[in-house]
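Biologist: I would like a close look at a single part of this model, followed by whatever surrounds it. Please keep to what can be read from the coordinates.

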Amino acid sequence: MTGSDASPSFTLAYVPGVTPTKWVRVWNERLPGVPLTLTAAPAGEAEGLLRARGADAGFLRLPVDRTDMSAIPLYTEATVVVIPKDHLVAIAEEVTTADLADETVLHPLDDVLEWDALPGHPAKERPATTADAVELVAAGIGVLVVPQSLARLHHRRDLTYRTVTDAPVSRVALAWPEDATTDLVEHFIGIVRGRTVNSSRGPQPATAERNERGGRGEGGRSGGKPGRERSGAAKGAAKGSGKGSAKGAAKGSAKGSSKGTPRGAAKRGKPRKRS
C-alpha cells in the first residue's frame, strides 16, 4: 500500500487459478524502485480484502459489486469437468452437462461458477474447498466441474479434464476500490491493458531517467566538437547554405558575367586610347 510518509509500494491480490506473473514482470522492469507484493486471497474474500485496503488492486472473478468498485474484465475461462483418467467421459474431447446426468457432481463451498441447476446428482455433503473436491474425484466419489485454471492448479497424474460446452463460465477482471484510483493503480491498469511505457499513465521513473540522461548527454556534447552539436536541420541548412551560397554564387556570378557581357568586350580587355 502507498502512504504519504512511506516509500511507494504496491500490493496486488489474486484469486486461485489466476497467474499474475507476466504483469508483475513488466511492473518490475518499468518501476524497479516500487516493490510489488503479491497477496493470495480466496475467491469469496478477495473483494472484501480490497475494500478493507488490504491490497491496492486485485485479480478477481466476476461478478463484482460496482457500487464502490471499479473492474476491467480481462478474459473468460473455459469450464471443464475433472475426472479420473480411466473414466468413460475421458473418451470424448468435450462434453455437455447432459453427458453428466448420471454422475455424482461435487459442489464445493468455494465454487466460483453460478449455476441455475447443477448437472448430475448432488453428493451427500459439499466439500469445503475445491482442493478437497479434487481429492474426492481421485477417490472415485464423483466428478467436479470448475474453470480450467483451477483444474490445472489442482492437477494430479491420475486425473484429467474435458471441456463442458454448455456450463457456466468464469470471467476474470482487474478490480480496485473506485475512490482509491492512485497513480500506481493507473500504471498497473496500463500494464494489464498492454500500453507501452510512453503511453502508460501514472509515474514513469524509467522514462524520466532516460530523459534526464538525454539532457545530460546533450549538455556534455555542447562542450565538445562544434560539428557534433548541430541538429539534422542545422546540418542540412548549413550544408545547403554553404554549398548553395558559395558554389551557387560563384557559378551564378561566372555565368552571369559571361552571359551579361558581350563577347567582344570580354576579348578586348582595356579600352584603346584615342589618338
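How many bridges join S5 to strand S10, and do they run parallel or antiparallel? Please start there and work outwards.

Modeller: This is a predicted model. S5 and S10 (residues 159–164) run antiparallel and are joined by 5 bridges. S5 also pairs with strand S9 (residues 143–147), again in the antiparallel sense, over 4 bridges. Val 82 has a partner in both of these strands: Leu 144 stands opposite Val 82 in S9, and Tyr 161 is the bridge partner of Val 82 in S10. Strands of a sheet pair through backbone hydrogen bonds, in either sense.

Strand S5 covers residues 79–84, and because 6 of its 6 residues are buried, the strand is largely enclosed by the rest of the structure. Buried here stands for a relative accessible area under 20%.

The sheet to which S5 belongs is open and has 6 strands, in the order S6-S10-S5-S9-S7-S8, with mixed pairing. Its edges are strand S6 (94–95) and strand S8 (121–122); each has a single partner strand, so one side of each is left without a neighbour in the sheet. The partner of S6 is S10, and these two run parallel, joined by 2 bridges. Val 95 has Val 164 as its bridge partner in S10.

Val 82 turns up again at an internal space. The structure holds 1 cavity of 30 Å³ or more, and about 60 Å³ of space lies in the largest cavity. Its lining consists of Val 82, Val 134, Ala 151, His 154, His 155, Arg 156, Leu 159, Thr 160 and Tyr 161. S10 gives the largest share of that lining, 3 residues. Tyr 161, the bridge partner of Val 82 in S10, is thus named in the cavity lining as well.

The largest pocket is a separate entry, with about 370 Å³ of space. It is lined by 21 residues, and those nearest its centre are Pro 42, Ala 43, Gly 44, Asp 110 and Val 112. Strand S3 (57–61), helix H3 (130–138) and helix H4 (148–153) are the elements that give two or more residues to the pocket lining.

Next comes the nonpolar packing. The largest nonpolar core has 34 residues, of which Phe 10, Leu 12, Trp 27, Phe 59, Leu 174 and Phe 188 touch the most other members. Two or more residues each come from strand S1 (10–14), helix H1 (21–30), helix H2 (46–51), strand S3, strand S4 (69–77), strand S11 (170–177) and helix H5 (183–192). H5 gives the most to this core, with 6 residues. Apart from this core lies another, of 13 residues, and Ile 83 is among them, as are Val 105, Leu 113 and Trp 115. Ile 83 falls within the residue range of S5.

Phe 59 gives a view of the packing in the largest core. Beyond its neighbours within four places in sequence, Phe 59 is in contact with residues including Leu 12, Tyr 14, Trp 23, Leu 74, Leu 174, Phe 188 and Val 192.

Glu 77 lies in strand S4. Glu 77 is buried, with a relative accessible area of 8%. The side chains of Glu 77 and Ser 149 are joined by a polar contact of 2.7 Å. Leaving aside neighbours within four places in sequence, the contacts of Glu 77 are Arg 61, Pro 147, Gln 148, Ser 149, Val 169, Ser 170 and Val 172.

Two backbone details deserve a note. Most residues other than glycine have a negative phi, and most peptide bonds are trans. Arg 53 is not a glycine, yet it has a positive phi of about 60 degrees. Arg 53 sits in the loop between H2 and S3 and is partly exposed, with a relative accessible area of 32%. Leu 62 and Pro 63 are joined by a cis peptide bond, with omega about 10 degrees. Pro 63 is in the loop between S3 and S4.

For the chain as a whole, there are 8 helices and 11 strands. Of its 275 residues, 33% count as buried. Among contacts with a separation of 6 or more, 67% are between residues 24 or more positions apart.

Definitions and conventions:
Residues are numbered from 1 along each chain as its sequence is written. This is a predicted model: local features need pLDDT of at least 70, side-chain atom pairs count only at pLDDT 80 or more; totals for chains, interfaces and linings use all residues. Side-chain values use heavy atoms; hydrogens and water are left out. Buried means under 20% relative accessible area, exposed over 50%, partly exposed in between (1.4 Å probe, protein chains only). Two strands pair if DSSP finds at least two bridges between them. A nonpolar core is a set of buried Ala, Val, Leu, Ile, Met, Phe, Trp, Tyr and Cys residues joined through side-chain atoms within 4.5 Å. Contact means heavy atoms within 4.5 Å. A polar contact is a pair of N or O atoms within 3.5 Å; within protein, one must be able to donate a hydrogen and the other to accept it, and residues adjacent in sequence count only if both atoms are side-chain atoms. On a 1 Å grid over the protein atoms alone, a cavity is a set of points where a 1.4 Å probe fits but cannot get out, and a pocket is an open set with protein on both sides within 12 Å along at least five of seven lines; lining residues have an atom within 4 Å of a point. Grid points are joined across faces, edges and corners, and a volume is the space filled by probe spheres set on the points.
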